[in-house]
Amino acid sequence: MTGTEKHGASAPVVWGNVPQRNVNFTGRSELLYRLREQLAAEKDDALVLHALQGYGGVGKTHLAIEYIYRYSTDYDLIWWIPADAQSGLLRSSLAALAPRLDITGIPAGRQEDLIDAVRNALRRGEPYSRWLVVFDNAGEPEELTDLLPRGMGHVLVTSRNHRWKTWAPTLDVDVFMRDESKEFLRRRVPAITDEDAYRLAEELGDLPLALEQAGALMAETAMTVDTYLEELRVAAGKILGQGTSLDYPTSVAAAWSVSLSKIRDGMPSAMELLYRIAHFGPEPISLDLINLGRNVLADSELRRTIKDPYRMSDAVRELGRYALARIDNLRRTLQMHRITQKLIRDELSEETGLAVRHDVHLLLGAADPDRPDDGDVWPQYEQLLPHLTPSKIVECDDLDTRRLMTNMVRYLLVTGAFQECERLIELALTEWEKSSGEDDLHLLIMRRHKANLLLNQGHYSEALAISEDTLRRLRETHGQQHAETLILTNIHGGILRWLGRFGDAFESDQAALAPSKSSFGEDHPNTQRVLSNLALDNTLASDYRAALDLDRESFALRRDYFGTDAHWRVAFTSTAIARDLRLLGRYHEALQEGERVYNIYQDIVRQRIVSETHLEVLNQARELAVARRKAGAFEPAADLARRVYHRYRDAYGAHHTGTLAAAVTLANSQRVVGEYELSATFAEETTARYAAALGERHPFTLGSFVDTAIALRLLKNASRARDLLHDALDGLFAVLGERHHYTVTCATNLASALAELGGGTEAVRLGEKSLSIFQDLLGKDHPHTLACASNLAIDFDALGMRDRAAVLREDVIERLTRTFGSDYPDLLAVGRSERLELDFEPPAV
């Protein structure tokens, strides 16, 4: 629309060359508000210049048009100038403003004189002081140096060229937010589903121009989203050249073709770089990664460019100049939109594409820090991760690239990103099992990672099958002492523990210790893991003193190795020490250590080293909830137990063994705060889930029966409690033996149930036997020993053996007072002649 007609009572007097408004304009209110605020805040009489900068197709022009229509009443004159060199209209469009400013007397052929007069009139504010001049799709800033008007008005420039950032305050115009994309598509294709809109926006990278084309094509041809996406996959250039509209008369392919042609003709080395970038993912690419090409790429124009920092800077600058890549000088990264990548890849022959892609594989392989367990390099793995799948690196058989894949999987496993870890494992195994021999080392390493992932996910039988087969192949092909054989042996022990084969796990870990020390060294993290697993084996054998000694040895090694006790790997061992102290009955020490480690983990989470739902973070918090309860802090224990359970369940599901352990802790916490019915129901549900996950005769399933029975007995259902405890005791006796802590705990609770049902004589017999074993197994001062003795004193009283009861009770009171103080809840319960409960808490094995 041109001329001097008014657009309403307060519209500009002069309105020239402004394109029609896009009726489908969506969102971006915040950008518009920021632009208006920034322009209004400027007080410089010399030049008020702002720029909108971004990729081609992100909607810079439409944003400027929308700004004009929304805020036209801020101005008396608005003039639009096509500034791209291709149009040839730059200078003539500015000169055409002269008549609107009442400039006369200059012949029409003297364009430069007209431009000078226009600039002078705008500078003076005559006849309009409130003016806006827009230079749309500008190139180099220098091209406008002698054209930019000065004065009290505003100049707005839209450009792909990132150099405008050094010339003017700049608003970066990016692609749509996903919700904006979906709203945009719904306006264009009203029948589109939310799911299809999401899929389309994802594949088109939320690029407004591409979304408009896709929407127009589907609206005009009734093409489905599935068909469009398939066409995009097989022929991106063709499909992206179709579907223009009045709002976006230029296709995506056409919008980029001019820039690509200029790069191709003007700087071939930049084009070679562009080809490689197109085979990465659409996320930022470190320039340091590209610079590795000087060492790993074959001799070529690109390698010579990379080796010359001046030529490399020129190449990168050229990409930024035409907005073919976004350059972040602060972070030293460059980034290309996925649609641009598709168009560039589409123009390459199959042979050239394979060669270019292999270069990308070599670059990625060279960028591997090769330390996936080291938190200091995790940001590097995080930067590499988005590029693995788009580059199809699994198809490369170069040793460095395969090592990157196995290291990336390990990084994801260690940091708890199980879903992405599983996806990459399956991707690699599917490809490598076709292209490599079944005893290929990297294939076996990937299978080892799969066994470890299944172990962490709670799929123990599947993990065992893979572990056994892979371990056999490693031993036969690479030997017993090979590092990979020893690492998998350690994982294998963990699988055996979770399957309830505690003795087999102990033997496996014990056999791995000496070879690990010999192969890795005594202070190596792999050896430290064997020590930690042996400590856990001793825990499951009820030898808590040996477990504590081993964990302290592991703690010292890890602290010296990592240089601080605040490292997350050291904190893992500190959690084990707190657990050992609790199991030894040293509750206050366990609580103190647990609170200390809890604060360390919270700081680790705040630093984003690991997430708040990492298994080790959650397990430590659960252990602290148990320690609080054992130390008598019932309410804080219950509060923490609730939070931990919900985090486990939400992150890993209700049937994960970590969630089940947290459920046991929560049920026990509910019981001690008097929520007996909740405790009984929750414990019973957890027992059923343990049976489904681990089997009915697994020690943890049987231990969970104990907690259910305690709650039932407190609800006056002693007969059902007795039946559960009888079954659990038979199972524990068969699986673990008579002198195991879990077995004796179950027997002590069974004595309480029998006593309440009138079986006092049998209760005394069972209580005396349990007390003797407890004293030998845990010592006379252990809280479980004292709880058993206190309950036995009640049974003595019931049978009229008052002297024996008094002697036993006095000894219990004296020992509890000495150890825990006069206000300890168990001591107060003993004074009230109440039974003490011995509950079960499963360790994280």
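Modeller: In this predicted model, a salt bridge is a side-chain nitrogen of Lys or Arg within 4 Å of a carboxyl oxygen of Asp or Glu.

Biologist: What makes the pair Arg-276 and Glu-272 a salt bridge?

Modeller: The N to O distance between the two side chains is 2.6 Å. The cut-off is 4 Å, and 2.6 Å falls within it, so the pair of Arg-276 and Glu-272 is called a salt bridge. In general, side chains of opposite charge can pair when their charged atoms come close.

Biologist: How many salt bridges does this rule give?

Modeller: The count is 81 salt bridges.

Biologist: Where do Arg-276 and Glu-272 sit, and how many residues apart are they?

Modeller: Both belong to helix α11, residues 268-277, and they are 4 residues apart. That spacing puts about one helical turn between Arg-276 and Glu-272.

Biologist: Why is Arg-276 called buried, and what is Glu-272 called?

Modeller: Buried requires under 20% relative accessible area. Arg-276 has 8%, so Arg-276 counts as buried. Glu-272 has 27%, which lies between 20% and the 50% above which a residue is exposed, so Glu-272 counts as partly exposed.

Biologist: What makes Arg-317 and Asp-314 a salt bridge?

Modeller: Their closest N and O atoms are 2.7 Å apart. Since the cut-off is 4 Å, the pair of Arg-317 and Asp-314 meets the rule. Helix α15, residues 309-321, holds both Arg-317 and Asp-314, set 3 residues apart, or about one turn of the helix.

Biologist: Why is neither word, buried or exposed, used alone for Arg-317 and Asp-314?

Modeller: Arg-317 has a relative accessible area of 41%, and Asp-314 has 34%. Both values lie between 20% and 50%, so Arg-317 and Asp-314 are each called partly exposed.

Biologist: What distance supports the salt bridge of Asp-469 and Arg-447?

Modeller: The side chains of Asp-469 and Arg-447 meet at 2.9 Å, N to O. Asp-469 is in helix α22 (residues 460-478) and Arg-447 in helix α21 (residues 441-457), so this pair ties together parts 22 residues apart in sequence. Asp-469 is partly exposed at 22%, whereas Arg-447, at 17%, is buried.

Biologist: Which residues are linked in a network of salt bridges?

Modeller: Such a network links Arg-582, Arg-622, Glu-623, Arg-629, Lys-630, Arg-671, Asp-839 and Glu-841.

Biologist: Why is Arg-448 called buried?

Modeller: The relative accessible area of Arg-448 is 7%, and buried means under 20%, so the word applies. Arg-448 lies in helix α21. Beyond four places in sequence, Arg-448 is in contact with Thr-470, Glu-484, Ile-487, Leu-488 and Ile-491.

Biologist: What makes a space a cavity, and how many cavities of 30 Å³ or more are there?

Modeller: A 1.4 Å probe fits in a cavity but cannot get out. The structure has 6 cavities of 30 Å³ or more. The largest has a volume of about 220 Å³, and the second largest holds about 90 Å³.

Biologist: Which residues line the largest cavity nearest its centre?

Modeller: There are 17 lining residues, with Leu-583, His-741, His-784, Asp-839 and Glu-841 nearest the centre of the largest cavity. Helices α27 (568-583), α33 (699-714) and α35 (741-756) each supply at least two residues of that lining. Helix α35 gives the most, with 3 residues. The lining of the largest cavity divides into 7 nonpolar, 6 polar and 4 charged residues.

Biologist: What is Gly-695 called, and at what relative accessibility?

Modeller: Gly-695 has 24%, which is not under 20% and not over 50%, so Gly-695 counts as partly exposed. Gly-695 lies in the loop between α32 (676-694) and α33. Leaving aside neighbours within four places in sequence, Gly-695 is in contact with Tyr-690 and Thr-701.

Biologist: What is the confidence of the chain, and where does pLDDT stay under 50?

Modeller: The protein chain averages a pLDDT of 90, and 94% of the residues score at least 70. Residues 1-9 stay under 50.

Key
Residues are numbered from 1 along each chain as its sequence is written. This is a predicted model: local features need pLDDT of at least 70, side-chain atom pairs count only at pLDDT 80 or more; totals for chains, interfaces and linings use all residues. Side-chain values use heavy atoms; hydrogens and water are left out. Buried means under 20% relative accessible area, exposed over 50%, partly exposed in between (1.4 Å probe, protein chains only). Contact means heavy atoms within 4.5 Å. pLDDT is the predictor's confidence in each residue, from 0 to 100. On a 1 Å grid over the protein atoms alone, a cavity is a set of points where a 1.4 Å probe fits but cannot get out, and a pocket is an open set with protein on both sides within 12 Å along at least five of seven lines; lining residues have an atom within 4 Å of a point. Grid points are joined across faces, edges and corners, and a volume is the space filled by probe spheres set on the points. Ala, Val, Leu, Ile, Met, Phe, Trp, Tyr, Cys and Pro count as nonpolar, Asp, Glu, Lys and Arg as charged, and the others, Gly among them, as polar.
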